Structure formats: structure tokens, C-alpha cells
Amino acid sequence: MELTGTHLRYLLSMYQLSHSSEEMRLTEIANRLNVKKASVARIVGVFRDKGLVDQRPYGKVHMTDYGKQVAGDYLAYVRSLADCLMQSGLHLTIQQAMDAACILLPELPQECIGSIKISEVVES
């Protein structure tokens, strides 16, 4: 599935929020990402069309099983890519490396993504 860097940031934030609560409000997601609620509503619509989330009209959002699987896979790749960035000698915090990996990952050819070694990275 092709996602932009922005989509990836939203998806991973929603995935992390879903660990503490099965359902999320648009306001919660917006606050976590420091964006406007309208931006979240647009992205949720995109994710709904892709089968990543479900939402009742004017209701809470929850990730589908498929959405959790996709997000978990992407999170593993983002963590591994962030680890590579940190080991490259760049003086990045874990959060900076994760943010950079979210931007970089969607720009890589699919065959490169499949060859990324999955590693354990401490979550910020």
C-alpha cells in the first residue's frame, strides 16, 4: 500500500493511540499530531477508503485489523530506518530519526523497503 510521509505520520500516531484506547476522537489525534481537526478528518476519510479505519458518522475512529497490521508493518520499517539514520553519525534524537524515516520511507522504491532489516529500536 502506498502512503505519503504525512499519511504515515498520521497512521503511526493513530496506531500508538489505539494501544491505549480502541476508539479515538478526531480531537485526540489532532492534539497528538499538533494539527487541525479538519486535517485529521480528511486523512481519516482516506484511511476509511483504504480499509485502515472505521468511523461512525460524527463518531469515534477505530483501526481495523487490517489497519493495525499495515501500521505495525510500517512501524517496524520506520524504526529500522530510524536506527540506520542514528547509526550513520547524524546527531539525531530518536524522535528526529523517526520523523525523518517517516518522510524517507515512502520515497524509497518498494524493492528497497522489502530489504530493510527489521531491528529493535527503543520507542521515544
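**Entry 1. Elements and overall dimensions**

Helices here are DSSP runs of H or I with at least four residues, strands are runs of E with at least two, and both are numbered from the N terminus. I am working from a predicted model. Reading from the N terminus, I noted the order α-α-α-β-β-α-α-α. That makes six helices and two strands. I then looked up the radius of gyration, which is 15 Å; the globule rule gives 14 Å for 124 residues, so the protein is as compact as a globular protein of that length.

I took the spans of the C-alpha trace along the principal axes and got about 45 × 25 × 20 Å. For burial, I found that 39% of the 124 residues count as buried. I also checked how far apart in sequence the contacting residues lie. Among contacts with a separation of 6 or more, 58% are between residues 24 or more positions apart.

**Entry 2. H1 against H2**

I started at the N-terminal end with helix H1, residues 5–20. Its axis and that of H2 come within 10 Å and cross at roughly 115°. I recorded the crossing as right-handed. Which residues meet there? From H1 I listed Arg9, Tyr10, Ser13, Met14, Gln16 and Leu17, and from H2 Glu28, Ile29, Arg32 and Leu33. Sorted by class, this contact has five nonpolar, two polar and three charged residues.

**Entry 3. Asn34 and the H2–H3 loop**

I went on to the loop between helix H2 (26–33) and helix H3 (37–49), where Asn34 sits. I noted its phi because the residue is not a glycine and yet the value is positive, near 60°. Is Asn34 buried or exposed? With a relative accessible area of 71%, Asn34 is exposed, since the cut-off for that class is over 50%.

In the helix after this loop I looked up Ser39, which lies in H3. Ser39 has 19% relative accessibility and therefore counts as buried, the limit being under 20%. I also took a distance from Ser39 back to Leu26, 13 residues away along the chain. Their C-alpha atoms are separated by 9.4 Å.

**Entry 4. H4 against H5**

I turned to helix H4 (residues 65–87) and helix H5 (residues 94–104). They pack at an angle of about 120°, with axes 8 Å apart. H4 passes H5 in a right-handed crossing. On the H4 side I listed Leu75, Val78, Arg79, Leu81, Ala82, Leu85 and Met86. Their partners in H5 are Ile94, Ala97, Met98, Ala100, Ala101, Cys102 and Leu104. By class I have 13 nonpolar residues, no polar ones and one charged.

I picked Leu85 of helix H4 for a closer look. Leu85 is buried, at a relative accessible area of 17%. Leaving out residues up to four places away in sequence, I found that Leu85 touches Leu90, Leu92, Ala97, Ala100 and Ala101. For one of these, Ala100, I took the C-alpha separation from Leu85, which is 8.5 Å across 15 residues of chain.

**Entry 5. Cysteines**

How many disulfides are there? I counted zero. To see why, I checked Cys102, whose closest cysteine sulfur belongs to Cys84. The two sulfurs are 14 Å apart, which is too far for a bond because a disulfide needs them within 2.5 Å. I compared their accessibilities as well. Cys102 is at 6% and counts as buried, whereas Cys84 is at 48% and counts as partly exposed.

**Entry 6. Pro106 and the H5–H6 loop**

My last stop was the loop between H5 and helix H6 (110–114), where I found Pro106. At a relative accessible area of 24%, Pro106 is partly exposed. Again setting aside residues up to four places away in sequence, I listed its contacts as Leu3, Thr4, Gly5, Leu8 and Ala101. Gly5 and Leu8 fall within the range of helix H1, residues 5–20. Ala101 is also in the H5 list for the contact with H4. Finally I took the distance from Pro106 to Val53, 53 residues apart in sequence. From C-alpha to C-alpha the two are 20 Å apart in space.

Conventions
Residues numbered from 1 in each chain as written. Predicted model: local features only at pLDDT ≥ 70, side-chain atom pairs only at ≥ 80, totals over all residues. Heavy atoms only, no water. Axes fitted to C-alpha atoms, helices over the stretch in contact; angles between N-to-C directions. Left-handed = near helix turned anticlockwise from the far one by under 90°. Contact = heavy atoms within 4.5 Å. Nonpolar A, V, L, I, M, F, W, Y, C, P; charged D, E, K, R; others polar. Buried < 20%, exposed > 50% of the residue type's maximum accessible area, 1.4 Å probe, protein only. Rg over C-alpha atoms; globule rule 2.2 N^0.38 Å.
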